[in-house]
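The exercises below are to be worked with the sequence and the 3D structure at hand. Each task is followed by a solution in steps.

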Amino acid sequence: MKLLNIFLILVLVMALVWSITATPFQEQEPDDTDYEITKDFSSEHGFGRVLAQKKRKARQITCDKYPRICRAKGSPGPYCCKKKCVNVLSDRLNCGACGKKCKYNQICCNGKCVNPSFNRNHCGGCSNRCKNGGFCAFGLCNYA
């Protein structure tokens, strides 16, 4: 009788172990956190092997929710345009105001789009003024 009880317990344990290892695990749905899947290919043994790892992406703080971050040290500028900190006095895509783009041959100087090739007050770059009576040609004062 004791031998039969031990045999039944052993069979139940084996059935339990087999059922746990035989059923595939269901993958959990990703939660609200951002993950990035990176793959590493290794040919150490002559064939490739894919190792997938989950690395957590750093959450970016945007200025539309926290406008004070644009005034922090190291920020590109004190103004918030399209969730990015910019300086509207020097940014070509937001010159003078958010969304005001300079043309392809212009730069943004003090919030105004200017052509540095022919502008006497901004010849070759911002605030590079030609001397009295001089002219600006091709970004150089008194060229030719």
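**Exercise 1: Gly124**

Gly124 is found in the loop between strand 6 and strand 7; strands are DSSP runs of E with at least two residues, and helices are runs of H or I with at least four, both numbered from the N terminus. This is a predicted model, in which local features need pLDDT of at least 70 and side-chain atom pairs count only at pLDDT 80 or more, while totals for chains, interfaces and linings use all residues. Residues are numbered from 1 along each chain as its sequence is written, and side-chain values use heavy atoms, with hydrogens and water left out.

Task: which residues does Gly124 touch, not counting residues up to four places away in sequence?

Solution. Step 1: apply the contact criterion, heavy atoms within 4.5 Å. Step 2: list the partners of Gly124, which are Pro116 and Gly139. Step 3: add a C-alpha separation; Gly124 and Ala137 are 13 residues apart along the chain and 9.0 Å apart by their C-alpha atoms.

**Exercise 2: His122**

Task: decide whether His122 is buried or exposed, and find what its side chain reaches.

Solution. Step 1: place the residue. His122 is in the loop between strand 6 (112-114) and strand 7 (136-137). Step 2: apply the accessibility classes: buried is under 20% relative accessible area, exposed is over 50%, and partly exposed is in between (1.4 Å probe, protein chains only). His122 counts as buried because its relative accessibility is 12%. Step 3: look at the side chain, which reaches the backbone nitrogen of Ser127 at 2.9 Å. Step 4: list the contacts. Not counting residues up to four places away in sequence, His122 touches Cys109, Asn110, Val114, Pro116, Ser127 and Asn128.

**Exercise 3: Arg120**

Task: give the exposure class of Arg120 and its surroundings.

Solution. Step 1: Arg120 lies in the loop between strand 6 and strand 7. Step 2: its relative accessible area is 40%, so Arg120 is partly exposed. Step 3: a polar atom of the Arg120 side chain lies 3.0 Å from the backbone oxygen of Gly134. Step 4: leaving aside neighbours within four places in sequence, Arg120 is in contact with eight named residues: Asn128, Arg129, Cys130, Lys131, Gly133, Gly134, Phe135 and Cys136. Step 5: for Gly133, 13 residues away in sequence, the C-alpha to C-alpha separation from Arg120 is 9.6 Å.

**Exercise 4: Gln106**

Task: where is Gln106 found, and which residues is it in contact with, leaving aside neighbours within four places in sequence?

Solution. Step 1: Gln106 is found in the loop between strand 4 (84-86) and strand 5 (107-109). Step 2: Gln106 counts as buried because its relative accessibility is 18%. Step 3: beyond its neighbours within four places, Gln106 is in contact with Arg92, Cys113, Val114, Asn115 and Pro116.

**Exercise 5: the whole chain**

Task: describe the secondary structure of the chain and its confidence.

Solution. Step 1: the secondary structure comes to one helix and eight strands, in the order α-β-β-β-β-β-β-β-β. Step 2: of the 144 residues, 17% count as buried. Step 3: among contacts between residues at least 6 apart in sequence, 1% join residues at least 24 apart. Step 4: pLDDT is the predictor's confidence in each residue, from 0 to 100. The mean pLDDT is 76, and 67% of the residues reach 70 or more. Step 5: over residues 25-35 pLDDT stays under 50, and the model has nine contacts beyond four places in sequence for them.

Technical notes: A polar contact is a pair of N or O atoms within 3.5 Å; within protein, one must be able to donate a hydrogen and the other to accept it, and residues adjacent in sequence count only if both atoms are side-chain atoms.
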